[in-house]
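Student: Could you give me a close look at the buried interior here, and at what packs against what? I'd like every cut-off spelled out along the way.

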Amino acid sequence: MPDRKILVAEGLTKRFGAVTVVDDVSFSVAAGEVLGILGPNGAGKTTLFNLISGDLAANGGELSLDGSRLSAEPPYRRCQRGIGRTYQVPQPFGAMTAFENLLVPAMMSAHLRETEAYDHCAQVLRDCGLWDHANTPAGSLTLLNRKRLELARALAGKPKLLLLDEIAGGLTDAEGAELVALIRRVRDQGVTIIWIEHVLHALMAVADRILVLNFGAKIAEGAPDEVMQNPEVQRVYMGIEA
Ligand SMILES: Nc1ncnc2c1ncn2[C@@H]1O[C@H](COP(=O)(O)OP(=O)(O)OP(=O)(O)O)[C@@H](O)[C@H]1O
């Protein structure tokens, strides 16, 4: 695996009032890598994504994407520079069809022209198992299909760095296996992925490395097996006392 760093975070910090929810977190992600993020509820995982996507401004620290500074860029610029994300609660344009929902990032973030955008969106809908719902208004989709659409919208923008926020929850085993296969295909196309996930077996099936947060601070980072054997991780995440 090449060692070119796509994302580098140094000392990222976010406070809400007196509470520090992301506490001096540093890490990097190499091109083509899948980094999993674990941590108990409220550990600061989604807030970390919000700092990377620009939905929230950091109180301290630096971020760079592909070697150039990201920290001062607004969210739309970060999309255009290749950061795509999903939200825990899917946020489609409810009145637009699934296909129209994909056209927006394909044209605005990936800057595809109309014909290219149509072809790309059709392919993404097929990849994500949504082709039969191409013309369904997003607001009428089932929860599972809204989750698929959330991933499809992120992929439609042709991200080089994809942030996935808990997309496997509530799926059957077969749907989970399908999702893992899809994420592997996306990774194999060269997309770098950071994936927050509580469904451990899904994350473990894909992640190259795992980073663990607790109370906003990084408590472990490394190969998945090694991290899961870490006594502090077992204590805070799985409630196992040594
Ligand atoms: N906008 C906000 N204002 C105030 N506090 C916030 C805000 N957003 C998040 N928090 C708090 O920051 C802490 C971290 O929240 P965050 O959503 O990042 O955790 P998380 O690790 O993603 O949790 P989960 O696994 O439950 O999704 C929590 O205590 C949360 O209540």
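Tutor: Happy to. Let's begin with the elements: helices (H or I, at least four residues) and strands (E, at least two) are DSSP runs, numbered from the N terminus. This is a predicted model, so local features need pLDDT of at least 70 and side-chain atom pairs count only at pLDDT 80 or more, while totals for chains, interfaces and linings use all residues. Residues are numbered from 1 along each chain as its sequence is written, and side-chain values use heavy atoms, with hydrogens and water left out.

An unreviewed UniProt entry lists residues 7-240 as "domain: ABC transporter"; UniProt positions are given in the numbering used here, feature names are shortened, and annotations may be inferred rather than shown by experiment. Over residues 7-240, helix accounts for 38% of the chain and strand for 26%, with the end C-alpha atoms 32 Å apart. The chain is also divided into domain 1 (1-82 + 160-172 + 192-242) and domain 2 (90-158), with bounds that come from an automatic or database domain assignment.

Now the interior. In soluble globular proteins, nonpolar side chains tend to be buried together. Buried means under 20% relative accessible area, exposed over 50%, and partly exposed in between (1.4 Å probe, protein chains only). A nonpolar core is a set of buried Ala, Val, Leu, Ile, Met, Phe, Trp, Tyr and Cys residues joined through side-chain atoms within 4.5 Å. The largest such core has 51 residues, and L162, I193 and W195 have the most contacts inside it. Helix 5 (residues 143-156) gives the largest share of this core, seven residues. Domain 1 and domain 2 each supply at least three residues to this core. Apart from it lies another core, of 27 residues, including V25, F49, I196 and L211.

W195 is a good place to zoom in. Contact means heavy atoms within 4.5 Å, and beyond four places in sequence W195 is in contact with residues including L35, I37, F49, L164, I167, L179 and V206. A little further along, E197 sits in the loop between strand 8 (192-196) and helix 7 (200-204). E197 counts as buried because its relative accessibility is 2%. Its C-alpha is 4.6 Å from that of E166, although the two are 31 residues apart in sequence. With neighbours within four places set aside, the contacts of E197 include I37, E166, I167, A168, L203 and Y237.

What about the domain 2 side? V124 belongs to helix 4 (residues 114-127) and counts as buried, at 5% relative accessibility. Not counting residues up to four places away, V124 touches L102, A152, L155 and A156. In helix 3 (residues 98-108) the buried residues are A98, F99, N101, L102, L103, P105 and A106, and what covers them includes helix 4 and helix 5.

Helix 5 holds charged pairs as well. A salt bridge is a side-chain nitrogen of Lys or Arg within 4 Å of a carboxyl oxygen of Asp or Glu, and a search of the whole structure finds 12 of them. E150 and R153, three residues apart in helix 5, about one turn of the helix, pair with their closest N and O atoms 3.7 Å apart. E150 is buried at 5%, and R153 is buried at 17%. R148 and E178 also meet in a salt bridge (3.1 Å, N to O). That pair links distant parts of the chain, with R148 in helix 5 and E178 in helix 6 (residues 173-188), 30 residues apart. E178 is partly exposed, with a relative accessible area of 45%. Elsewhere, E73 and R81 form a salt bridge with closest N and O atoms 2.9 Å apart, and both are buried.

Finally, the domain contact. The C-alpha centres of the two domains lie 25 Å apart, and 10 residues of domain 1 are in contact with nine residues of domain 2. Buried area is the accessible area (1.4 Å probe) that two parts lose on being put together, summed over both; here it is about 630 Å², with carbon and sulfur atoms giving 61%. In domain 1, Q80, L162 and I167 lose the most area to domain 2, together 53% of what that side buries. The count of salt bridges between the two domains is zero.
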